Every structure is written in structure tokens, then in C-alpha cells.
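Student: Can we go through this one together? I'd like to start at the surface and then move on to the bonds and the backbone.

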Amino acid sequence: MTIESSVRSPLLEETVPGGGHTSLIVKRGQLLRITDKRGGANVSLLMFNAQEKSERLNLPDTLKCQHTAKLTRGHCLYSDMGRVLAAMVADTCGWHDSFIGVSDAAEVAEKYGPGRYQELRNGFYRNGTDNLLVEMGKWGLGLEDLVMALNLFSRVEVDGQGAFRFIEGNSRAGDYVELYAPMTTLAILTPIQHPLDPNPSYAPCPVKLTLSEADPEVAEVCRTSREENVRGFQNTDRFFL
């Protein structure tokens, strides 16, 4: 399926290397495109209300109110206040993991070996938890603010016995997801390997970020996809009255 891009002339373009981390404010009415540059990427993402950071992404509510466990185009990312932090207005990948969260230092060491800075310098093995905490610290946030992250580009299925299964090859080079912000949102992300990725080698993949202004109409595919989202957008708009 061909998905028309919503990106206008970019305000910002940058590449985040595999294993790196970054954060940025996506203002109300702006759109963030995240592109898998090589294929096989995983991006662990947190979102906060940039004006009141005690309000943050709530994945259980996001899934429950939209009656899905498969986030893709047409879905919204909800805060714990029932407001829409971002709307997924385009998605060439088709599936993003909302179950597993991120790895920590012990898990990475067990899976890939020590990978210490002393020997590898900037190539040392990073983990999702520490990467997110480093970026959160830049905005006055700490461990108590670390909630479940959304893993973009990764597909995890649940079998009949309730076991999780990572699906390899879910994202190809050039796949992207576009997130429209109806609320001024702080996005914190790290392109780091998914905890269930069976690759025995430490090899996180880079992603490209493109920030642009957007027509609010691009979010109609999300606003009108279900009645719950109509109310979610109304609740978000009230915040800016």
C-alpha cells in the first residue's frame, strides 16, 4: 500500500546513530517523521506533555481505548490524562510493539557480552533504559518518570500459550512512521535493539528524524477512526483554550 507523505519543507533533519539517543519538542501542529535507514531498526519512544511533564504516555490506556494491541496508522498515542500526545498519520511499517519495553544494562551484558567503554570507546554497548534516562535527565526527569516505552518498527506477536514472539524483518530500509502532535509534546527516543531481537550481535540501526509543520487535516485519519479518538482530540483541544 502506498502512503502519501505528510512532510512539508523540514524544520529539522538529523540522523540518530544506532545505540544513540536524543530528545526534542514537537510543537502543537508539527509532525515528526522517523525513518528506518537500513532496515531492522527499533526505536524506543517516550512522550510527555512538554508544558506539564507529569503527564506522559500511557500505553495501557492507548491500547484499551482504541481496542487494539497493534498500533499503526489511524491510532493515537494517549497520555494518562486522556489527551492525545501524538497521532500516527502515516506508517509504511504497519506494526509497532507496545508490550515489551526496553533492555537494561544487565540484559545487554548477558546477551552481547561486556562491551565496555574502556575497550570499545564510543562503540561500547548501550542499553535502552540508560539511554532514555540520560535524555530524560536533560528535562528534569528521572527514574520515577520512566514509563513503558513504545517500540517503533518492531513486531511482537502473542501465541496461543501467551508467549511473546519477535517477528524478524518487520521493517525495511526506508520504512517510516509519521507522528502529528495535537499537543506540544516532548519526545525522547533511542534507536536500540529490541529486547527480543534474536540477533546475537550488538548491532542497533540508525534512524532519520524529520520535523516539519503540518496541516491539522492530516490527523483526521486518526481523529475519525473511532469515537474514542473524537473525544480524545476534544479533550486535547480543551487544554489550549
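Tutor: Fine. Glu-107 is partly exposed, with 41% relative accessible area. Keep in mind that this is a predicted model.

Student: Where is Glu-107 found?

Tutor: In helix H2, which covers residues 105–112.

Student: And what does Glu-107 gather with on the surface?

Tutor: With Asp-104, Glu-110 and Asp-130, in a patch of negative charge.

Student: OK, nonpolar side now. Which residues form a nonpolar patch on the surface?

Tutor: Val-158, Phe-164 and Leu-196 form one, and together they have about 250 Å² of accessible area.

Student: Where is Phe-164 found, and is it buried or partly exposed?

Tutor: Phe-164 belongs to strand E9, residues 164–167. Its relative accessible area is 45%, so Phe-164 counts as partly exposed.

Student: Switching to cysteines. How many disulfides does the count come to?

Tutor: Zero. The cysteine sulfur closest to that of Cys-76 is in Cys-222, 4.8 Å away, which is too far for a bond. The cut-off for a disulfide is 2.5 Å between the sulfur atoms.

Student: Is Cys-76 buried or exposed?

Tutor: Buried, at 0% relative accessibility.

Student: What about Cys-205, which cysteine sulfur is nearest to it?

Tutor: That of Cys-93, at 12 Å, and Cys-205 is in no disulfide. Cys-205 also counts as buried, with a relative accessibility of 10%.

Student: Next, salt bridges. How many does the structure hold?

Tutor: Eleven. One of them joins Glu-13 to Lys-208, where the closest N and O atoms are 3.3 Å apart.

Student: Which parts of the chain does that pair link?

Tutor: Distant ones: Glu-13 is in strand E1 (residues 10–16) and Lys-208 is in strand E12 (residues 207–213), with the two positions 195 residues apart in numbering.

Student: Are Glu-13 and Lys-208 buried or partly exposed?

Tutor: Glu-13 is partly exposed at 47% relative accessibility. Lys-208 is partly exposed too, with a relative accessible area of 30%.

Student: What does Glu-119 form a salt bridge with?

Tutor: With Arg-116, and the closest N and O atoms of that pair are 2.6 Å apart. Glu-119 is exposed at 52% relative accessibility, while Arg-116 is partly exposed at 42%.

Student: Which residues are linked in a network of salt bridges?

Tutor: Arg-155, Glu-157 and Arg-165 are linked that way. For the pair of Glu-157 and Arg-155, the closest N and O atoms are 2.7 Å apart. Arg-155 is partly exposed, and its relative accessible area is 26%.

Student: Backbone now. What is the phi of His-67?

Tutor: Near 55°, a positive value in a residue other than glycine. Most residues other than glycine have a negative phi.

Student: Where does His-67 lie, and is it buried or exposed?

Tutor: His-67 lies in the loop between helix H1 (59–66) and strand E5 (76–78). With a relative accessible area of 62%, His-67 is exposed.

Student: I also flagged Phe-153. What is its phi?

Tutor: About 80°, positive although Phe-153 is not a glycine. Phe-153 sits in the loop between strand E7 (150–152) and strand E8 (155–158).

Student: Is Phe-153 buried or exposed?

Tutor: Buried, with a relative accessible area of 2%. The cut-off for buried is under 20%.

Student: Then a couple of distances. How far apart are Arg-33 and Thr-15 in sequence and in space?

Tutor: They are 18 residues apart in sequence and 12 Å apart in space, C-alpha to C-alpha. Arg-33 is in strand E3 (residues 30–36) and counts as buried, with 16% relative accessibility.

Student: Last one. What separates the C-alpha atoms of Tyr-125 and Glu-135?

Tutor: A distance of 17 Å, for two residues that are ten residues apart along the chain. Tyr-125 is in the loop between helix H3 (117–120) and helix H4 (128–137). At 26% relative accessibility, Tyr-125 is partly exposed.

Notes
Residues are numbered from 1 along each chain as its sequence is written. This is a predicted model: local features need pLDDT of at least 70, side-chain atom pairs count only at pLDDT 80 or more; totals for chains, interfaces and linings use all residues. Side-chain values use heavy atoms; hydrogens and water are left out. Patches are made of residues with over 30% relative accessible area and no salt bridge: like charges are joined within 9 Å, nonpolar side chains (Val, Leu, Ile, Met, Phe, Trp, Tyr) within 5 Å. Accessible areas come from the Shrake-Rupley method with a 1.4 Å probe; for residues, only the protein chains shown count as cover. A salt bridge is a side-chain nitrogen of Lys or Arg within 4 Å of a carboxyl oxygen of Asp or Glu. Lys and Arg count as positive and Asp and Glu as negative; His and the chain ends are not counted. The place of a charge is taken as NZ of Lys, CZ of Arg, CG of Asp or CD of Glu. Helices (H or I, at least four residues) and strands (E, at least two) are DSSP runs, numbered from the N terminus. Buried means under 20% relative accessible area, exposed over 50%, partly exposed in between (1.4 Å probe, protein chains only).
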